[in-house]
Amino acid sequence: MNTKQYEDFIIKTAESLLAIDSPSGFTGRASDYILDTVRELGYPVYRNKIGNVIVTVDGEDSEESVALSAHIDTLGLMVRSITSEGYLMVTVVGGPILPTLDGEYCRIHTREGKVYTGTILSLSPAIHVFPDSSTRPRDEQNMAVRIDEIVHSKEDVEALGIRPGDFVCYDTKTTFTESGFLKSRFIDDKGCASILITLLKIMKDHNLKPKKKTYLCFSTHEEIGYGGATLPQDIKELLVVDMGCVGSDLSCTEEQVSICAKDSLGPYDWDMTSRLVALSKEHEIDAVTDIYPRYNSDAAALWKAGYDTSAALIGPGVHASHGMERTHIKGIINTLRLCQAYLGILE
């Protein structure tokens, strides 16, 4: 099997998923997309009470279960208040780098199902008007949304049906370059969710079964800390497939798959991580091992929820995480191949 033939499928899946607004707490349409896609592939799938989408894949041996997880929730904003001039003050959902949002186009989703467009701006947005336009902090107290409607007061905005608690979703700017780079916000972690869907397609196309019963889990609250807390109870191992870090004091590049040995919570399972390192060497997968000091994953929520489950973490190298992110198709494919090797379906 030539994994390269699935590159187009991964990218098209990623582009479709990245086009869906899904900050934590507003993931219904992204979950619907996963459900519809998986059902078309013919796998049993369900959505649990908290919104996680769980796919069950029978294994050659179904006495023990393992799981792979990727999250489909993203960073975002929520309306905090409305100013007397008709601007929307916001609060963050997750941990976006707010200065990178200055000037970004966005959509405001109301509880009545209306969608309005706008722009996220500094409250000193014009150099010809504000002497502090280039120096004013870019934070929650000093940035707001300018709505693309004729409004001049709080009452004008309220007449549109916009209220505190409505979601503000900003553009992803998704681009796939001729040189093989995927540039977009929220590659963390819709890039890896696309990898899991591709795994399902590969197994379907080639009539493959993983060695053990396998759950593919698409979690919906990872960015706010509890995505892995409600995964299936019977899993013995969890392989988290999330972005790898690229930057100072790290080995990984955007063309590689990163195997994380330790993040901010502590070390990942030694035996499981060592097995992944060995598999990467055996199958000549371009992988490196790194430490992520400012990182958390679905495994943290799983362990804090009391699961007796081993866990490890892998993912394609992603530059500028939580900002204007970028990875390379080589890193995505290396991650896909390591997932295949872990499941025992890499030919």
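**Figure 1. Helices α1 and α7 lie roughly perpendicular to each other in this predicted model.** The two helices, α1 (residues 7-18) and α7 (residues 329-343), pack at an angle of about 105°. Their axes are 11 Å apart. Angles of 65 to 115 degrees count as roughly perpendicular, and the arrangement of α1 and α7 is therefore described in that way.

**Figure 2. Side chains and backbone at the meeting of α1 and α7 are shown by residue.** On the α1 side, the residues in contact are Glu7, Ile10 and Ile11. On the α7 side, these residues meet Ile329, Ile332, Ile333 and Leu336. Sorted by class, the contact has six nonpolar residues, one charged residue and no polar residues.

**Figure 3. Strands β10, β11 and β18 form an open sheet.** The three strands follow the order β10-β11-β18, and their pairing is antiparallel. The edge strands are β10 (175-176) and β18 (325-328), each of which pairs on one side only. Two bridges connect β10 with strand β11 (residues 181-184) in the antiparallel sense. Within this pair of strands, Phe176 stands opposite Leu182 in β11.

**Figure 4. Helix α7 packs on the open three-stranded sheet.** Here α7 touches β10, β11 and β18. The direction of the helix makes about 65° with that of β18. Helix α7 thus appears in two views, since residues of α7, including Ile329 and Leu336, also meet α1.

**Figure 5. Six strands close into a barrel.** The strands run in the order β4-β5-β8-β7-β6-β9, with antiparallel pairing. Neighbouring strands of this sheet are turned by 40° against each other on average, when direction is ignored. One of the pairings joins strand β5 (residues 88-93) to strand β8 (residues 143-147). These two strands run antiparallel and are linked by two bridges. In this close-up, Met89 stands opposite Ala144 in β8.

**Figure 6. The structure holds one cavity of 30 Å³ or more.** This number results from a search of the whole structure. The largest cavity has a volume of about 40 Å³. Lining the largest cavity are Leu75, Tyr170, Arg185, Phe186, Asp188, Glu223, His322, Gly323 and Glu325. By class, the lining comprises four charged, three nonpolar and two polar residues. Glu325 in this lining also belongs to the residue range of edge strand β18 (325-328).

Conventions: Residues are numbered from 1 along each chain as its sequence is written. This is a predicted model: local features need pLDDT of at least 70, side-chain atom pairs count only at pLDDT 80 or more; totals for chains, interfaces and linings use all residues. Side-chain values use heavy atoms; hydrogens and water are left out. Axes are lines fitted to C-alpha atoms, for helices over the stretch in contact, and angles run from 0 to 180 degrees between N-to-C directions. Helices (H or I, at least four residues) and strands (E, at least two) are DSSP runs, numbered from the N terminus. Angles under 35 degrees count as roughly parallel, over 145 as roughly antiparallel, 65 to 115 as roughly perpendicular and the rest as oblique. Contact means heavy atoms within 4.5 Å. Ala, Val, Leu, Ile, Met, Phe, Trp, Tyr, Cys and Pro count as nonpolar, Asp, Glu, Lys and Arg as charged, and the others, Gly among them, as polar. On a 1 Å grid over the protein atoms alone, a cavity is a set of points where a 1.4 Å probe fits but cannot get out, and a pocket is an open set with protein on both sides within 12 Å along at least five of seven lines; lining residues have an atom within 4 Å of a point. Grid points are joined across faces, edges and corners, and a volume is the space filled by probe spheres set on the points. Two strands pair if DSSP finds at least two bridges between them.
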